[in-house]
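Please open the model in your viewer, with the sequence panel beside it, and keep a selection tool at hand. The stops below are meant to be followed in order, each beginning with what to select.

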Amino acid sequence: MAENKRDYYEVLGVSKGASEDEIKRAYKKLARKYHPDMNPGDKEAEEKFKEINEANEVLSDPDKKARYDQFGFAGVDPNFGAGAGGYGAGGFDFGDLGDIFGSFFGGGFGGGQTRRNGPRRGESIRASLTVDFVEAAFGCEKEVTLERSEECTTCGGNGCAQGTSPEVCDQCHGTGNVQVRRQTPMGVFASTSPCPKCGGRGKIIRQPCDDCKGSGRMRKRRTIKVNIPAGIDHGQTISLRGEGHAGSNGGGNGDLLITVMVRPHELFHRDGTSVFCEAPITFTQAVLGAELEIPTIDGKVKYSIPEGTQTGTVFRLRGKGIPVLNGRGRGDQYVTVTIETPRNLNKEQREALRKFSETLGEGNYEKRKSFFKKK
C-alpha cells in the first residue's frame, strides 16, 4: 500500500531536514486550509486533511520520524513485515539485522534477545474538534465520539474462552522467538525469528473467546468528554493519556490526541494572547471626540476617544485579550479606529459642509501642512 502514498515531507511541503517548528507551522497552515469545516462537502479537501494528519502524526513524533527517515513507510507501518512470515516471503525482518550484527560483532545492535510477546503500548488515536473563537478563549467542555480497541470484557484480554487459559508454547518456551542458524559464505550466523507455532505470541490458545475470536481486544464506540483549556489556539493539540487503543500483553493504552480548530470570528482575530479589531467612527466623532461602545470577548466596554482622532489610530484595552494558556493573566485588545466618510448628502448638508470648510485654515490640518511643505 505504501507505493500509493506520497512522501510525508512532500505532503507537508517541508524538506527532510526541517526542524520541529517548521513541521509544526507547515501542518497548522495546511490543516487550516483543508479542514472539513472550512471545505464543507469537498471530498478532495477531506482526503488531503487526512493525508496531512497522517504525515504530521509521524513527523511530529521523534521516534516515528527516525524510523521513517531510516526505513520509509515500512518503519512506521505496524502491518509491514508483521506475523510469522516476517519481512517478506523469505522470513527476514528488522529483528534479523540485530541478531546477525549481534552474532558477528559481539552485540551492540540489539534485538537478539528481544521478547516478541512483551508488553506493548496501544496506538494513539488522532481526532479533531472545532470550537468557536470565544470558546477557545475561555475554555469549554466538548465531546468527541470515536472507535477504539479495548480489552475484551468477556475473557479479560487473554483471548481464551471462559474456564480456559492460554498454554505456554512448547517450541519457544514462551519467548515468542526461535533461534535459526544459517550457513552463509561468511560462516554460520544465528538469528531469531517469530516462533512459527505460536506466531510470536509465546502462548497457544486452544479454545478462543467467542466474542474477540482470541485477539483479547474488541472495537468499541465511545464518547469522550474533553476539557478545552482557556487560551488554546488554532492547530494546538490536547493529549488525553490512556484514552487511545488498548495495549497488548499487559501494555498500557495509547493516548487520544485532539487537534483543536478555531472558527474565525466576524469581528476579532488574534495573535498569541492579543486580540485585534476595528472600530468605525463618524467624521463628527473623530473631530469632536466621543464615548464609544467597543465590543470585546467579555462584552461591550466604554472608551472615550479625544477630539481630533485620526483614522488608523490604535488604542489598547488592557487585560481584554486571550487568557494565557495554562498560566496566569491575559493579553490586551488593540482597537484600530477607522473614520467612515458620509455618503449620499443632500443639498443642505453639502452647503453646511462647504461653509464649515471655509472656516478652516491649514493650521487645522497637520499632515496636509507637512505634506505640501515637503512637496
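A residue is called buried here when its relative accessible area is under 20%, and exposed when that area is over 50%, with partly exposed residues in between. The model on screen is a predicted one.

**The whole chain**

Begin with everything shown as a cartoon, in which the secondary structure comes to nine helices and 15 strands. Of the 375 residues in the chain, 34% count as buried. The chain exposes about 23300 Å², of which carbon and sulfur atoms supply 48%. If you display contacts and keep those with a separation of 6 or more, 62% of them are accounted for by residues 24 or more positions apart.

**Helix α4**

Now select residues 62–71, which make up helix α4, and colour K64, K65 and Y68, the buried residues of this helix. Because these residues cover an arc of only 100 degrees around the axis, they are on the same side of α4. Their packing partners are α1 (8–12), α2 (20–34) and α3 (43–59), so add those three helices to the view. On the face turned away from the buried side, look for P62, D63 and Q70, which are exposed.

Which residue caps the N-terminal end of α4? Select D61, which has a side-chain oxygen lying 3.0 Å from the backbone nitrogen of D63. Then move to the other side of the helix in sequence, where G72, just after α4, takes a positive phi of about 75 degrees.

**Strand β1 and T130**

Select residues 125–131, strand β1, and pick out T130 within this strand. T130 has a relative accessible area of 17%, and because the cut-off for buried is under 20%, T130 counts as buried. With neighbours within four places in sequence left aside, T130 is in contact with H35, D37, M261 and R263, which can be shown as sticks.

**The loop between β6 and β7**

Next, go to K213, in the loop between β6 (203–204) and β7 (217–228). K213 has a positive phi of about 60 degrees, although this residue is not a glycine. Its relative accessibility is 66%, and K213 counts as exposed.

**The hairpin of β12 and β13**

Select residues 290–296 for strand β12 and residues 299–305 for strand β13. The two strands run antiparallel and are joined by seven bridges, and a hairpin connects β12 to β13 through two residues. Colour β12 by face: A290, L292, I294 and T296 belong to the covered face, whereas E291, E293 and P295 belong to the uncovered one. From that uncovered face, P295 has K300 in β13 as its bridge partner.

**The four-stranded sheet**

Now bring up the open sheet formed by four strands in the order β10-β11-β15-β14, in which the pairing is mixed. Its edge strands are β10 (269–271) and β14 (314–317), each of which pairs on one side only. Neighbouring strands of this sheet are turned against each other by 35 degrees on average, with direction ignored.

Start at the β10 edge, where three bridges join β10 to strand β11 (residues 274–282) and the two run antiparallel. Here R270 stands opposite V275 in β11.

Cross then to the other edge, where β14 and strand β15 (residues 333–340) pair in the antiparallel sense over four bridges. The covered face of β14 carries F315 and L317, while V314 and R316 lie on the uncovered one. F315 has V335 in β15 as its bridge partner.

**N326 and Y334**

Follow the chain from β14 into the loop that leads to β15, and select N326 there. N326 is not a glycine, yet this residue has a positive phi of about 55 degrees. At 71% relative accessibility, N326 counts as exposed.

Finish at Y334, which is found in strand β15. Is Y334 buried, partly exposed or exposed? Its relative accessibility is 24%, and Y334 counts as partly exposed. Measuring from its C-alpha atom to that of R316 in your viewer should give 4.7 Å, although the two residues are 18 residues apart along the chain. With residues up to four places away in sequence not counted, Y334 touches S274, V275, F276 and C277, together with V314, F315 and R316.

Notes
Residues numbered from 1 in each chain as written. Predicted model: local features only at pLDDT ≥ 70, side-chain atom pairs only at ≥ 80, totals over all residues. Heavy atoms only, no water. Buried < 20%, exposed > 50% of the residue type's maximum accessible area, 1.4 Å probe, protein only. Arc of directions from axis to C-beta. Contact = heavy atoms within 4.5 Å. Polar contact = N/O pair within 3.5 Å; in protein donor to acceptor, adjacent residues only side chain to side chain. Areas by Shrake-Rupley, 256 points an atom, 1.4 Å probe, with all protein chains shown as cover. Pairing = 2+ DSSP bridges. Axes fitted to C-alpha atoms, helices over the stretch in contact; angles between N-to-C directions.
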